[in-house]
Each structure stands twice: as C-alpha cells, then as structure tokens.
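Biologist: I am new to this structure. Please take me through one part closely, starting with any link between cysteines, and then show me what surrounds it.

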Amino acid sequence: MKIHCFILFLISSVNPSAVEKEYLLGRFDPAHHSRFVQLTSSYAQGSALNGYLRQETFEAFQKMAVAANKDGVGLFIISATRNFDSQKKIWENKWNGKTQVEGKNLTTISDLKERARLILLYSSMPNTSRHHWGTDMDLNSLDNDYFSTDEGLKIYEWLTAHAGEFGFCQPYTSKTGGRAGYEEEKWHWSYLPLSKLFLEEYKKQISYADITGFEGSDQALSLRVISNYVDGVACR
C-alpha cells in the first residue's frame, strides 16, 4: 500500500516531548480532551455515534470517506477511541467469561497465560491499545469474512489502494510474513502521521510496570505484550 504521509506528518501539531505517559496509556477522557472531536452521524454508526477521535484523524477520515463515496464505496466508523476504562470493560468481560472468545468461556481455562493469549487474538490489554490514542478506528464490520463478500471486498480493495493517500494504514495485516501479535484485522485502520509518533513515544516511555489496574495484567510481561503486540504492526 502506497503511503503518502510525509507532508501530513509535517503538519501534525504534536510535539513528541509533550506526549504524556497517561495519554499513551489511555488514562484520560476523550470527551474532555482539547484535541478530540465527537464523531458525526454522517461518518459513524452504532456505538461510534457517541465516539471521539483526534481532530486530525477525523478530518483525514472525512476526506477519505468523501473520496471513497465518489468511487461508490461507503466507509463508516463503528469503533473509535477507547480509553483505559473502555478497554478494561472489554478485556475483563472476556477474562471473566461474560463475553465468549472463539466460542469459549475462558473461565474454564485455568492457565492464566493461555487465557490472556486467547483474548489477545483480537483484543488489547488496557494500557496497550492503539485505540487509546485517537488515531485508530474500526470500519464497516468486525468480521474478516465480510471483507471477502462482494461489498466488503470492494471496500477493502479500495482501502488498500487509496487509504495511504490520506495517511491511513492497516496495522494488523496477515501474519504469513512473520508479523507478531494480533490476528489480521481488515477493519482496523490507523492514522500514521500521529500513530507513528505515539508508537515511538510508547516504546520510550512505557514499561511493564505501567501495565496494571485490570484482571490478568500480571500476564503482560510473560506474553511480552509491548514487543509482540504494541509493536507488532505492519505499518510504521
């Protein structure tokens, strides 16, 4: 995928030295953050209707959606920023069996490292999600099979051909090339001019001691979630 992000990166207003650890860990409320804007119904559906993104991300997405629409492709956001509290709810619902994973109630798995690994197929530990940063979004469907249907394939082929023109990339591609971390997510797209910066700051500022405050957090080190998952991306 061709990514034209150099100019977009230059116009980013983010100063790396001003990126706080709490921001990287998702410990803030995007509704009360000056750099976040609420999504509009023209570009979001479902739970994302009340969601937020970084202003730069949303403006770039709107331009991409308009261009896609001219080519007969409809793009809409179904999940946007998720802070620590939101990600904790998702994680602990799976950890405690309220939400099944791959058809399993994970409370039946006594090996806690394995329980965490199964959740990590598609869900991040709190403190480690790119969705914390306001740069990443899920589009149209949370089902890879959808993107093999006539409609879904048209969307995915358009994104792989054109998303880079607007600064977006797919961080979780096929793992056949040896990429570590999460399984492929054809729905997950990241605004690289910002997420590139935040990823580098995350690796500088965050240690395993910072990944805490939720059930199963003690498995973060054994699974090497920073190197294998936070840094397990296809675009940089």
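Modeller: A disulfide is a pair of cysteine sulfur atoms within 2.5 Å. The model is predicted, so local features need pLDDT of at least 70 and side-chain atom pairs pLDDT 80 or more, while totals for chains, interfaces and linings use all residues. Residues are numbered from 1 along each chain as its sequence is written, and side-chain values use heavy atoms, without hydrogens or water.

Searching the whole structure turns up 1 disulfide. Its partners are C169 and C235, with 2.1 Å from S to S. The link of C169 and C235 is right-handed, with 60 degrees about the S-S bond. It connects distant parts of the chain: C169 belongs to strand β5 (residues 168-169), C235 to the segment after α8 (225-230), and their positions lie 66 residues apart. Helices (H or I, at least four residues) and strands (E, at least two) are DSSP runs, numbered from the N terminus.

Are these cysteines buried or exposed? C169 is buried, at 0% relative accessibility. C235 is buried too, with a relative accessible area of 8%. Buried means under 20% relative accessible area, exposed over 50%, and partly exposed in between (1.4 Å probe, protein chains only).

Now follow the strand that holds C169. β5 belongs to an open sheet of 4 strands. Their order is β3-β4-β6-β5, and the pairing is antiparallel. β5 is an edge strand, and so is β3 (77-79); each pairs on one side only. Two strands pair if DSSP finds at least two bridges between them. At the β3 edge, 2 bridges join that strand to β4 (residues 136-139), and the two run antiparallel. I77 has L139 of β4 as its bridge partner.

I77 is also a good place to look inward. It is in contact (heavy atoms within 4.5 Å) with residues including L39, Y43, A48, F58, F61 and M137, leaving aside neighbours within four places in sequence. The largest nonpolar core has 67 residues. A nonpolar core is a set of buried Ala, Val, Leu, Ile, Met, Phe, Trp, Tyr and Cys residues joined through side-chain atoms within 4.5 Å. F61, L75, I77 and F168 have the most contacts inside the largest core. Helix α3 gives the most to this core, with 6 residues.

Back on the disulfide side, the loop between β5 and β6 (188-191) holds R179. R179 is buried, with a relative accessible area of 12%. Among its contacts are P171, Y172, E184, G232, V233 and A234, again leaving aside neighbours within four places in sequence. R179 and E59 are 120 residues apart along the chain, and 30 Å separates their C-alpha atoms.

After β6, look at helix α7 (residues 192-205). α7 has 14 residues and spans 19 Å from its first C-alpha to its last. That is close to the 20 Å expected at 1.5 Å a residue; the expected span is 1.5 Å times one less than the number of residues. Buried residues of α7 include L192, L194, L197, F198 and Y202.

What about charge? The structure holds 11 salt bridges. A salt bridge is a side-chain nitrogen of Lys or Arg within 4 Å of a carboxyl oxygen of Asp or Glu. One of them joins E200 to K203, with 3.3 Å between the closest N and O atoms. E200 is partly exposed, at 36% relative accessible area, and K203 is partly exposed at 32%. Through salt bridges that share partners, E200, K203, D231 and R236 form one network.

Two further pairs round out the picture. E56 forms a salt bridge with R35, the closest N and O atoms being 3.1 Å apart. E56 lies in helix α3 (residues 55-70) and R35 in the loop between α2 (21-24) and β1 (36-38), so the pair ties together parts 21 residues apart in sequence. E56 is buried, at 12%, while R35 is partly exposed, at 28%. E114 forms a salt bridge with R117, with closest N and O atoms 2.9 Å apart. E114 and R117 are separated by about one helical turn because they are 3 residues apart in helix α5 (residues 112-119). E114 is partly exposed at 27%, and R117 is partly exposed at 34%.
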